Each structure stands twice: as structure tokens, then as C-alpha cells.
Amino acid sequence: MSFSVDENGYYGRFGGAYVPEILQKNFESLRVQYLDIMNDPEFQREFHSLLRDYVGRPSPLYLAKRLSEAVGAKVYLKREDLNHTGAHKINNTVGQILMAKRMGKTRILAETGAGQHGVATATVCALMNMECIVYMGETDVKRQYLNVQKMRMLGATVVPVTSGNKTLKDATNEAFRDWCNHPTDTFYIIGSVVGAHPYPDMVAKFQSVISEEIKKQLMEHEGRDYPDYLFACVGGGSNAAGTFYHYLDDDRVKLVEAEAAGLGVDSGESAATIHLGSEGVLHGSRTLLMQTEDGQVIEPYSLSAGLDYPGIGPIHAHLAKTGRAEVLAITDDEAVKAAFELTQLEGIIPALESSHALAALHKVKFKPTDIVVLTVSGRGDKDMPTYLEYFDKK
Ligand SMILES: *Cc1c(COP(=O)(O)O)cnc(C)c1O
């Protein structure tokens with residue numbers, strides 16, 4: 001069985017490209033060019049030099065001794081939290097801005113929920129002197145004041161979206177509408193392994209630098225280039241896809257994904273897409289999504305803004321349905337508890353998203369000799385108000 005994308009953009013029966021007619025040309029021109037551009041040595045050179053000198057890669061692979069003791073296995077943390085802008089998202093936006101440049105585009109569009117992808121996009125647009133327009137639901141604009149101010153300082157135009165629930169889904173619709181009106185000069189930077197082909201594959205490839213580094217770093221630490229387990233959280237699934245990428249077909253390595261159960265999988269307030277989702281088309285690809293019987297998308301809930309997405313990248317739908325990956329649903333409470341645990345054991349304050357992966361460590365029975373690599377997708381600065389409020393309540 002293959003876990004890589006086929007030439008039509010499918011992972012098993014998930015993926016594909018379901019796009020409106022007016023944008024078909026855009027997707028088609030990206031589809032026919034992206035692999036050649038990415039494989040061009042000059043592109044690779046520029047991408048990797050920015051990853052090194054601008055993002056700060058390679059990110060460390062850190063043996064967390066005290067956490068290992070608590071968990072009962074040898075746990076390494078892949079420190080994406082130490083990247084410029086504080087998360088893994090920058091790996092992808094650096095890649096896509098270079099892609100946009102190569103394709104002769106001058107205007108960048110993005111949508112953002114919590115603002116993390118918006119900030120990562122605005123950052124690379126400042127770096128490359130490109131016009132940047134970020135669509136964001138009005139509710140999120142109010143909730144994520146600091147990120148909005150960062151985007152503005154970076155020179156981006158933030159457009160508050162007032163339709164629908166005024167959140168991510170509505171922002172995505174508006175961004176698509178804008179793209180339909182500017183199909184020739186505009187490049188759309190997607191923030192995760194979601195959307196129509198070739199985006200999921202392109203984003204996974206940009207993020208695959210994570211597993212490329214894990215291989216080398218494990219070799220140095222352990223004298224073997226694979227772990228027994230890989231752990232990552234999944235919102236859309238880009239940090240997980242990057243963490244798994246070079247191990248997808250290596251069945252010595254168990255893949256564990258943590259999705260957000262919110263108040264509980266069966267509470268009605270959850271973002272556990274893989275547990276609760278059914279098959280359908282969302283944002284241009286066939287995948288699992290949270291929807292009612294008649295196909296209305298259900299508004300997801302998680303304390304963590306980055307995991308609060310009603311769909312999942314098609315690669316993860318495939319990994320879950322084939323049993324290649326084990327998917328654990330982690331509640332808000334469990335995630336916050338894991339955030340405090342990591343902070344107190346290792347002096348690392350993780351992002352709330354990453355804390356879901358950390359909590360999942362306690363749900364797996366390890367052998368003491370097992371080698372585990374867990375990706376800390378981001379740092380917790382942005383989540384301090386949430387952590388403190390939670391702390392005060394208890
Ligand atoms: C956005 C975000 C996520 C979720 O996105 P994926 O595409 O699933 O990786 C996870 N962690 C952090 C820190 C984020 O900012």
C-alpha cells in the first residue's frame with residue numbers, strides 16, 4: 001500500500017481537486033509546475049539557505065530526560081517551537097513564497113483563523129517585498145488582537161470577514177472569491193496539508209524537512225535513523241505530515257496523531273474530525289469532515305485555535321482509515337495538563353496545539369527501551385492568557 005500521493009492528488013480515496021471552474025487554470029498551472037520547480041537545484045538551494053539562516057534550522061532534537069522518566073520511554077522533542085515566528089508554519093510559507101516568485105506572481109492571499117498562518121505569511125511577504133492580503137473572520141480579528149497587529153506591522157492588509165459565523169470557514173470563502181477576481185497575478189498560500197491538489201502534497205513536501213532532520217539527528221543520537229514512535233498533533237495536519245513524511249512507508253515506525261476532543265469526543269463541543277467525521281468534500285478535496293446528515297459543516301470547538309478545523313488533510317484521512325496511523329482524541333483538560341507537565345519537567349512552554357501530542361504520550365503503553373520522537377509544533381507564548389485563565393479557575 002502506498003501512502004504517497006498519486007498523480008491525480010489522491011491518497012487512497014481521499015484528496016483530489018474539486019475546484020470552481022474559474023480557478024481550474026490556477027490549480028492546473030501549479031499542478032504541472034510545482035514538482036519541477038521544487039526539484040530545481042537552485043530552488044532547493046534558496047529554500048534551504050532561508051530555512052537555515054532565516055528560520056534557524058535545523059531545529060534541535062532534544063532528549064527530554066525528565067519527561068522520559070515520567071512517560072517510561074526515551075522521548076525526544078523535535079523543537080519546531082524554536083523556529084522564527086515560533087512554530088512550524090514558517091517552513092511552509094517560506095517554500096510557498098519562493099514558489100509564488102518562480103511563477104511570476106506579485107500578490108499573495110491567505111486566510112487565517114487564529115492568525116498564526118497569517119503572521120507566517122505576512123512575515124515572508126515582508127521578506128520578499130510582496131503585497132499580502134489576509135482574510136480573517138471578524139470574530140477572530142477581535143479574539144486575536146496581537147496577531148492582527150503583527151500582520152499590520154509586517155505590512156499586510158487584514159480584511160475582516162463579516163459573513164456567516166465570521167470565523168475561518170467564512171474567511172476561506174472570501175479569500176477564494178478574491179482569488180477568482182484576480183486569477184492571474186495572485187498566489188494563494190495555504191497553511192496546512194488541506195485544499196485541492198497539489199496543495200496537500202506541496203505543503204507536506206515543504207514540511208518534510210522535519211523528518212529529514214529527524215533521520216539525521218536520530219542517527220547521531222542513537223546510531224539508527226528511525227524511532228519506534230512518532231507523535232504529532234493534527235489540525236489540518238501539516239506538522240504531522242512533515243514529521244511522518246520520510247517514515248510513511250517504514251512500518252518499523254508507529255505513527256500517532258493527536259486530534260482535539262475539545263470538551264470530549266461525544267460532548268458536541270469537539271474538533272475530533274477523524275473520530276467524528278464522515279466522507280465529503282471540503283475546501284477542494286475529498287476527506288473526512290464534521291458534518292450533519294444533510295452535509296452542513298459542523299462548527300468545531302477546541303480550546304486550541306490551531307486545531308479548531310472541521311476537516312483534516314486527505315493524507316491523514318487515508319492514514320487513519322488504513323490503520324497506518326493511530327489517532328487519539330485529547331480533551332482541553334488533558335492538553336492543558338500536559339502543557340504544565342512539560343513546562344515543569346523541562347522548562348519548555350509548548351503551544352496548546354503541541355500539548356495535545358504531549359498528552360497522547362500518556363495514552364500509549366511503551367517499553368522502556370522505546371524511542372519516541374514528538375514534534376513540539378510551536379511555543380506557548382500565544383497561549384499564555386489561556387493557560388493562566390485555566391490555572392486560576394482550578
Ligand atoms: C497551526 C498550528 C497547528 C496545526 O496545524 P497543522 O497543519 O495540523 O500542523 C499546530 N501547532 C501549532 C503551533 C500551530 O500554529
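The legends below describe close-up views of a predicted model.

**Figure 1. The whole chain and its secondary structure.**
The chain of this predicted model holds 16 helices and 14 strands. Its radius of gyration is 19 Å, close to the 21 Å that the globule rule gives for 394 residues, so the chain is as compact as a globular protein of that length. The C-alpha trace spans about 55 × 50 × 40 Å along its principal axes. Of the 394 residues in the chain, 58% are buried.

**Figure 2. The ligand between two domains.**
Where does the ligand lie with respect to domain 1 and domain 2? Domain 1 covers residues 18–50 + 89–203, and domain 2 covers residues 56–87 + 208–393. Both domains give residues to the shell around the ligand, so the ligand lies between them. The shell has 16 residues, and those that come nearest are Lys89, Ser192, Gly235, Gly237 and Ser377. By residue type, the shell divides into three nonpolar, 11 polar and two charged residues.

**Figure 3. Polar atoms of the protein beside the ligand.**
Three residues are shown here, each with a polar atom beside an oxygen atom of the ligand. For Gly235, a polar backbone atom is 2.7 Å from a ligand oxygen. For Gly237, a backbone N or O atom lies 2.7 Å from an oxygen atom of the ligand. Asn239 uses its side chain: a polar atom there lies 2.8 Å from a ligand oxygen. Taken alone, the ligand exposes 380 Å², and the protein buries 97% of that area.

**Figure 4. Helix H9 and the cis peptide bond at Pro198.**
Helix H9 runs over residues 199–207 and is mostly covered, with eight of its nine residues buried. The buried residues are Tyr199, Pro200, Asp201, Met202, Val203, Ala204, Phe206 and Gln207. Pro198 is placed in the loop between strand E8 (186–188) and H9. The peptide bond from His197 to Pro198 is cis, and its omega is near 10 degrees.

**Figure 5. The cis peptide bond at Pro58.**
This view shows the loop between helix H2 (41–55) and strand E3 (61–63), where Pro58 is found. The peptide bond that joins Arg57 to Pro58 is cis, with omega near 0 degrees.

**Figure 6. Asp81 and Thr85 in the loop between E4 and H4.**
Asp81 has its place in the loop between E4 and H4. Thr85 is also placed in the loop between strand E4 (74–79) and helix H4 (89–102). Which of the terms buried, partly exposed and exposed applies to Asp81? Its relative accessibility is 3%, under the limit of 20%, so Asp81 counts as buried. Thr85 has a relative accessibility of 29% and therefore counts as partly exposed. The side chain of Asp81 makes a polar contact with the side chain of Arg79, at 2.8 Å. Thr85 is a residue other than glycine with a positive phi, near 75 degrees.

**Figure 7. His283 in the loop between strands E11 and E12.**
His283 is found in the loop between strand E11 (278–282) and strand E12 (285–289). Its phi is positive, about 50 degrees, although His283 is not a glycine. With a relative accessibility of 21%, His283 counts as partly exposed.

**Figure 8. Leu230 in strand E9, with Tyr76.**
Leu230 lies in strand E9, which covers residues 229–233. At 0% relative accessibility, Leu230 counts as buried. How many residues apart in sequence are Leu230 and Tyr76? They are 154 residues apart in sequence, and their C-alpha atoms are 9.6 Å apart in space.

**Figure 9. Ala156 in the loop between helix H7 and strand E7, with Gly72.**
Ala156 lies in the loop between helix H7 (145–153) and strand E7 (157–161). This residue is buried, with a relative accessible area of 9%. Ala156 and Gly72 are 84 residues apart in sequence, and the space between their C-alpha atoms is 46 Å.

Definitions and conventions:
Residues are numbered from 1 along each chain as its sequence is written. This is a predicted model: local features need pLDDT of at least 70, side-chain atom pairs count only at pLDDT 80 or more; totals for chains, interfaces and linings use all residues. Side-chain values use heavy atoms; hydrogens and water are left out. A residue is near a molecule or strand if one of its heavy atoms lies within 4 Å of it. A polar contact is a pair of N or O atoms within 3.5 Å; within protein, one must be able to donate a hydrogen and the other to accept it, and residues adjacent in sequence count only if both atoms are side-chain atoms. Accessible areas come from the Shrake-Rupley method with a 1.4 Å probe; for residues, only the protein chains shown count as cover. Ala, Val, Leu, Ile, Met, Phe, Trp, Tyr, Cys and Pro count as nonpolar, Asp, Glu, Lys and Arg as charged, and the others, Gly among them, as polar. Domain bounds come from an automatic or database domain assignment. Helices (H or I, at least four residues) and strands (E, at least two) are DSSP runs, numbered from the N terminus. The radius of gyration is taken over C-alpha atoms; the globule rule is 2.2 Å times the number of residues to the power 0.38. Buried means under 20% relative accessible area, exposed over 50%, partly exposed in between (1.4 Å probe, protein chains only).
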